[in-house]
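Dear colleague,

I am handing over the structure below, and the notes that follow set out what was found in it. Please read them with the model open beside you.

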Amino acid sequence: MKKRRAVLYKMDIKNRMWTLCVLYILGLNICQTAGQENSTQMYYIKLIVEDSAIPNVSAALRPFVKNTNVKVSDLKMTTCCWKVQGATQCSCEPSFRWSETLCQEPGQKCCGRESCSFTNRTAAMCVSNETVSIRGSITLNGLEYYKCLKGKDFEEFKQCDTSLMEKMKAVYSTMAGFDTLTISKYRVGSVIADFEMTFANQIKQQYLINGSKSLGSNLSASVYLETTGVVRLFMLPRNQVCYYDTPTLTCEVQEDLHTQPVWQLKRADKVFEIFTGTEAEVTRKTMETKVFLRNISELWAGEYTCIYPQVNNFIKINHTASAVLNVSLLPSIDITMTPPFPHCSGSELVTVKVTCQIASNNESYNVTWTEHKLVGLFPVTNDALTANVVASCKNSQVTPDVTCTFKNRCGEERKASAAVNIIYENEKFCPADGDWKDTKAGFEAVLKCTSGTGQRKRKCQTGGSWDIESSSCVTVKVNDVLQKAKIIDTGLGALDENAAEVFSLLHNVTNDSVTINSSPDIGASVSVLFSLGQKIKSIDNELTVADFLASSSNMLNSSLEKSWTSAGDIGNITLAEAYLLSLEKLIHKANLSHASETHNVDAVVSNCNQRSKCSATVFNDSVELVGQDPGDVKTAGFKELENYLPNHYETYEPNSNIVSVTTENRQFQPTVRINFSLIKPRPRDVQIICVAWDNNTRNWSPKGCEWVASSNGGLCICQHLSSFAILMSRSPIELKGLTQLTLVGLSVSVMSLIVTLAIELTVWSSVVKTDQSYIRHTAQLNICLCLLVADCCFLASLKPSYDNKEMWCQIFVLLKHFSFLSVFFWMFSLSSVLLLNNVFVLHAVSRKTYLRMSLVLGYVCPLLIAIITFLCYDQGAEGAYYSSKTCWLRYTGLLEGSIHTFVIPVGAIVFFNVFSMVVVIVKLLDRSATTYRHNETEKKAAVTVIRSVILLTPIFGVTWMFGFAVMLVDLTTGLMATATHYTFTLLNTFQGLFLLLTTCLADKQTRDVLLKRLRRDAAVTDSTTKLSQL
């Protein structure tokens, strides 16, 4: 008969068995509690017997207790042990397992194995697969048990402890399979008693709940229990999990607990709840729950616990099961060389130190090295990650390389290789420059960032000169946020909670502009938003929304402008595009009910259900939607972002904040009216276009948007939803041919004025016979002279090609201002004398008086106005006194700008001239024909003066009426404004020609004298010719 023995010696089995029975029955009688139901007491006894004796134990006990109140039942063998080479080898019987306590002991590897070897310690005993361990606490609210807080040596403590123990045993010992109950300690917080219980087999959970409720009711206490054994956890693979495995963890229960199980992972003293995500899948059935892991990494290593929580009033029970998942990792390898580009400077061999760097983890790797086309490879003793290699300088056609291979406990491998790029004799290279070592021409030098993560790179051009350094160094804080953002949806933690944590961290990081004041940091921060925008489904927490808006606003601070403009792309879109796209998605998902305005981002929500109009305001930009039932309308405004988005309109620049409008009803196609507050005031004649961001063309598009009118500033009407902005032309509208027309007209006028002056000087002695004719021709002569100076200045400033343009433009503006004013003041002097002579007939103005008055009016007054204007407007500064684009006085608004120092005097003079003409004409018509019979010549001269005033007033007055209209109308208003500009240009530039035609050639007296002079000159010329022929 085969025998298994724990100790090889002979003993009297019968005597031992009877002793056992006596002790067993005595123990049962002693340990029973005074409950209403029968109590249960379990005993564990270690027997050293032959296995053939086991069936006889139960038979021997039954007759012994036949007539007592004690029932002995369910006697089972749990563990079999035997001696093997100085150690005790034990195995668990079917339906038994190694205890959780043994599994958690350091150095033991019993869990999951059928047998286990014990040395230098007593062999452990297996426990039933149905054994249930309970740890709990009971919070006692009354004063009765405060004595339990005293020291263990006090009698009051012993009485209190015994009383509580009896009441607890009275409840729990009546449950089938009850084994032990111990109170481990008492804590303050009312009075909290921590205890432990064990049950030898499964217990009905309703019994446990009812018993705990009864105990809580009797003691006016709340009870918390955590069970082990009710839930069983299985893991496949059972022991080591390899890197490419897809492990499955399964929790099973033997009865429906009527609750949803929860999975947790404990790693580095932090507990994560596990959900279905990109790397994990959680399934739940009535009696089973599973976790499938798809992508194993160090994130998933740790202790897994499944929990079935049950809560009933003041009773809370967590049924738990745990297992440790030990992942055999594969590292990310960064291979570096020192020097990075070995230089053959007269030697035949070069030595390079190669290091394979990996992040620190608990995996023990087997590292091996291999080489190709190298002279030698020598791993460094006591440093498996470093090797020295020797390369030859003779064969430049071969590129040697070295490879390091990391093998984990599962035998899985990961390799990293690097070429040994040698700078051979006479090859071009970039010499060392600061941190940068000698680098072979055509290659890129790479350095690790010292104050963050990432790399610095610098290209050595083929000619042997260094290129500009490019850096991807991201500060540690920003990189940590980015890495957390990338894994929020893996299933490790709730998605919303992970997102809230990332937004909070991002807010803290972006609060310090110094932390993100680099292109890589801004890029990483936007990548966080981009990642979150793609992963999360909603943002409902008020604090999370605040963190999201605040961090987004911080990224747009004006102090970070340089970082934005020099930043790289994210994928195939620019950084600003990624930011806008992310913000649009996140705002659409966010609950903005309690959102507040931040410095650079303002977002509001409007509930527009069952309404045909909906309005909102962000950063003083008002938005109105017209349409049926758009639902919730979310409007957001962004400052500074308009400067960073791509703009393919080279002649236009952004001149407003960006306003984004989205609706809950995606099928809604409204009419959107946006009244933008312009960043810079729109100058006159400058075109504005309303645009929307087009994600397809990745550019601003005017499609579906219209700028209403110049009078409304920044009012846009669009027929779709998007992100909107205003683009303003960098220069005013230029009418075709207007410059050429001006050039031709001024040239003709200058020539005409010169001819007019020549005619006046030629006929002066013949036509100036009376005081009236003297007055008229003096005024005409000075008007022509002033207009000639003004036109010459216009010609000179039309297309300046000289140095010191601003100085000359300033001088020309002053001269033109003075000259044009002089023209009108000479007209004023002419009409004034005419009015005076006709109203006060007996007080005719003499030539000398008229000349003095005219010089004062015609030159002194305009000069004073011009100089005072020059001094008052910032001493003639550009932008205040004049515009460098037009070389003329500035108009900034009604009664604003230096132009009004010209407009007001001219308007007054034109009005006075018209008034004078009317008065003089009425006076002439009222007087009898005999009044002027005694001096017919004076009468004709007066009529001629009137005619001159009548002709000159329209020439200059009507012209400048169109000039005033040009000043008031805007070219963006349409055809009428265009026609006004062309009309004014024609009238203004050809004024010299009009003067020649009206004052000289249309005057009969002047024309007759001129023709007479020309004939006389012609006759003299003919006589001279004939005499010369003789």
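A residue is called buried here if its relative accessible area is under 20%. By that cut-off V545, with a relative accessible area of 2%, is buried, and the same word is used in this sense for the other residues discussed further on.

Please keep in mind that the model is predicted. The pLDDT of the protein averages 83, and 84% of the residues score at least 70. Among the elements of the protein, the lowest mean pLDDT, 45, belongs to helix α1 (residues 13-31), whereas the highest, 96, belongs to strand β24 (residues 401-407). Two stretches call for separate mention: over residues 64-68 the pLDDT stays under 50, and the model has seven contacts beyond four places in sequence for them, while over residues 928-934 the pLDDT is below 50 as well, with four contacts in the model beyond near neighbours in sequence.

To return to V545, this residue lies in helix α9, and, if residues up to four places away in sequence are not counted, V545 touches I539, A590, N591, L592 and A595. The C-alpha atoms of V545 and L586 are 9.5 Å apart in space, although the two residues are 41 residues apart in sequence.

Helix α9 (residues 542-554) also packs against helix α7 (residues 495-510), at an angle of about 35° and with the two axes 8 Å apart. The crossing in which α7 passes α9 is left-handed. On the α7 side the contact is made by A500, F503, S504, L506, H507 and T510, which meet T544, D547, F548, A550, S551 and N554 in α9. Sorted by class, the residues of this contact are five nonpolar, six polar and one charged.

The next part concerns strand β36 (residues 632-638), of whose seven residues six are buried, so that the strand is largely enclosed by the rest of the structure. β36 pairs with strand β33 (residues 601-607) in the antiparallel sense, over seven bridges, and in this pairing D602 stands opposite G637. β36 is also joined by six bridges to strand β38 (residues 658-663), again in an antiparallel arrangement, with F638 opposite I658.

Which residues does G637 contact, once its neighbours within four places in sequence are left aside? They are N600, V601, D602, V618, F619, I658 and V659. G637, which lies in strand β36, is buried, with a relative accessible area of 1%. From C-alpha to C-alpha, G637 and V659 are 4.5 Å apart in space, with their positions 22 residues apart in sequence.

A further buried position is T355, in strand β20 (residues 349-357). The relative accessibility of T355 is 16%, and T355 therefore counts as buried. Apart from neighbours within four places in sequence, T355 is in contact with D334, I335, T336, L385 and T386.

Finally, there are two open sheets to describe. One has three strands in the order β1-β2-β4, with antiparallel pairing. Its edges are β1 (79-84) and β4 (115-118), each of which has a single partner strand, so one side of each is left without a neighbour in the sheet. From one strand to the next the twist averages 25°. Within this sheet, β1 and strand β2 (residues 87-92) run antiparallel and are joined by six bridges, and C80 stands opposite S91 in β2.

The other open sheet also consists of three strands, in the order β28-β29-β30, and its pairing is antiparallel. Here β28 (444-448) and β30 (470-471) stand at the edges with a single partner strand each, so that one side of each has no neighbour in the sheet. The antiparallel pairing of β28 with strand β29 (residues 455-459) extends over five bridges, and K448 stands opposite Q455 in β29.

With best regards

Definitions and conventions:
Residues are numbered from 1 along each chain as its sequence is written. This is a predicted model: local features need pLDDT of at least 70, side-chain atom pairs count only at pLDDT 80 or more; totals for chains, interfaces and linings use all residues. Side-chain values use heavy atoms; hydrogens and water are left out. Buried means under 20% relative accessible area, exposed over 50%, partly exposed in between (1.4 Å probe, protein chains only). Helices (H or I, at least four residues) and strands (E, at least two) are DSSP runs, numbered from the N terminus. Two strands pair if DSSP finds at least two bridges between them. Axes are lines fitted to C-alpha atoms, for helices over the stretch in contact, and angles run from 0 to 180 degrees between N-to-C directions. A crossing is left-handed if the near helix is turned anticlockwise from the far one by less than a right angle, and right-handed if clockwise. Contact means heavy atoms within 4.5 Å. Ala, Val, Leu, Ile, Met, Phe, Trp, Tyr, Cys and Pro count as nonpolar, Asp, Glu, Lys and Arg as charged, and the others, Gly among them, as polar. pLDDT is the predictor's confidence in each residue, from 0 to 100.
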